[in-house]
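Visitor: I have a model open and would love a short tour. Could you walk me through a few of its details?

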Amino acid sequence: AAKENGKASWVRFEPSMRQDMADHARLAGELRNGIARGELRLYYQPVYDLVTGRMHGCEALVRWQHPVRGFVSPGEFIPCAERSGLIVPLGSWVLRTACEQLAAWRAAFSSTIEAVNVNVAVRQLREPGFVDEVAAVLSDTGLVPDDLVIEVTESSVVDGPQVRETLQALHEMGVRLALDDFGTGQSSLSLLRAFPVHALKLDKSFVDGIADGADRGRLAVAAAVAQLAEHLQLKAVAEGIENQEQLDRLRDMGYRYGQGFLMARPLPAAECGALMADVPAHVA
Ligand code: C2E
Ligand code: MG
Ligand code: MG
Ligand code: MG
């Protein structure tokens, strides 16, 4: 079962536990306590430049270490956090922690990544104070706006005028925006052209279809997204790369950047930092 869902390192729920967890209010309550008790951890998955082989950036991914249930995957609790509104304080913690971590890596290593990627839910973007919050975190941590990439889904972009204004304001500040899980939503190409996005992240489902070459449809989408990115002068990023054949074919298609278990899993900050720079700053 662990292999099926691709999250081999996470303990899956038993059916009875899953039923319990389906109780939204209960999960939300546990998550609220979990946040207060400091059970959340931020992991970082390297994003590589597929041409140079260097680590280009990394994506912050939240983990919940439940005292009884063990690791709970974000696929389980992020939807609940969104419905309950807990995503707002949770997301604030993620944003600040990720920026503090990049600042710490910059202080510790002579060579680091270009930016840290943070996933932001549409619910956070609807908060009136979100742009000010981002500005405050950057200033508190000593980062500049292009040290931060905010990952949003296509559905955020079409949420409404308020969210669009927020994304526009972030762009004007100099924060960069990546469209996550690209290819799975209802993309309007004209909207894409008008929208201040700097990267397209091809969804893993299309990468999965590449390995055996049997899935012509998914292969065609993967190739089309790379072309689209090139024509719009956006970065093309592929996520969920699990084998060498996928990597080679994606690079041939024009994906300059990629992340996946083939290169590195999401890692605790210290392990990600160790991969990032072999030379400590005080030595250089
Ligand atoms: P995402 O933003 O699309 O993140 C990529 C997901 O793909 C991560 O799952 C990552 O562990 C997984 N992944 C990367 N490479 C591979 C691979 O080669 N094989 C497989 N099987 N999986 C791979 P994760 O960490 O479980 O997160 C799932 C989703 O939860 C994320 O998808 C994102 O939508 C959401 N999420 C995670 N952290 C946060 C957060 O801090 N805030 C918000 N709003 N959402 C988050
Ligand atoms: Mg993401
Ligand atoms: Mg994604
Ligand atoms: Mg995804």
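Visitor: Which residue has a polar backbone atom 3.2 Å from a nitrogen atom of ligand 1?

Guide: Happy to help, and please keep in mind that this is a predicted model. A polar contact needs a pair of N or O atoms within 3.5 Å. Ligand 1 supplies a nitrogen atom, and 3.2 Å away is a polar backbone atom of V62.

Visitor: What is the distance from an oxygen atom of ligand 1 to an N or O atom in the side chain of E239?

Guide: Oxygen atoms of ligand 1 appear in two contacts here. One is with I241, through a polar backbone atom at 3.4 Å. The other uses the side chain of E239, where the distance is 3.3 Å.

Visitor: Of the residues around ligand 1, which come nearest?

Guide: There are 23 residues around ligand 1 to choose from. Those that come nearest are R63, N119, D180, E242 and F261.

Visitor: Is α4 roughly parallel or roughly antiparallel to α6?

Guide: The axes of α4 (residues 87-108) and α6 (residues 130-141) come within 9 Å and cross at roughly 30 degrees. Angles under 35 degrees count as roughly parallel, so α4 and α6 are roughly parallel.

Visitor: How many residues of the contact of α4 with α6 are charged?

Guide: From α4, the contact includes R96 and E100, and from α6, E133 and D140. Alongside 6 nonpolar and 2 polar residues, the charged ones number 4.

Terms used:
Residues numbered from 1 in each chain as written. Chains lettered and ligands numbered in written order. Predicted model: local features only at pLDDT ≥ 70, side-chain atom pairs only at ≥ 80, totals over all residues. Heavy atoms only, no water. Axes fitted to C-alpha atoms, helices over the stretch in contact; angles between N-to-C directions. Helix = DSSP H or I, 4+ residues; strand = E, 2+ residues; numbered from the N terminus. Parallel < 35°, antiparallel > 145°, perpendicular 65-115°, else oblique. Contact = heavy atoms within 4.5 Å. Nonpolar A, V, L, I, M, F, W, Y, C, P; charged D, E, K, R; others polar. Near = heavy atom within 4 Å. Polar contact = N/O pair within 3.5 Å; in protein donor to acceptor, adjacent residues only side chain to side chain.
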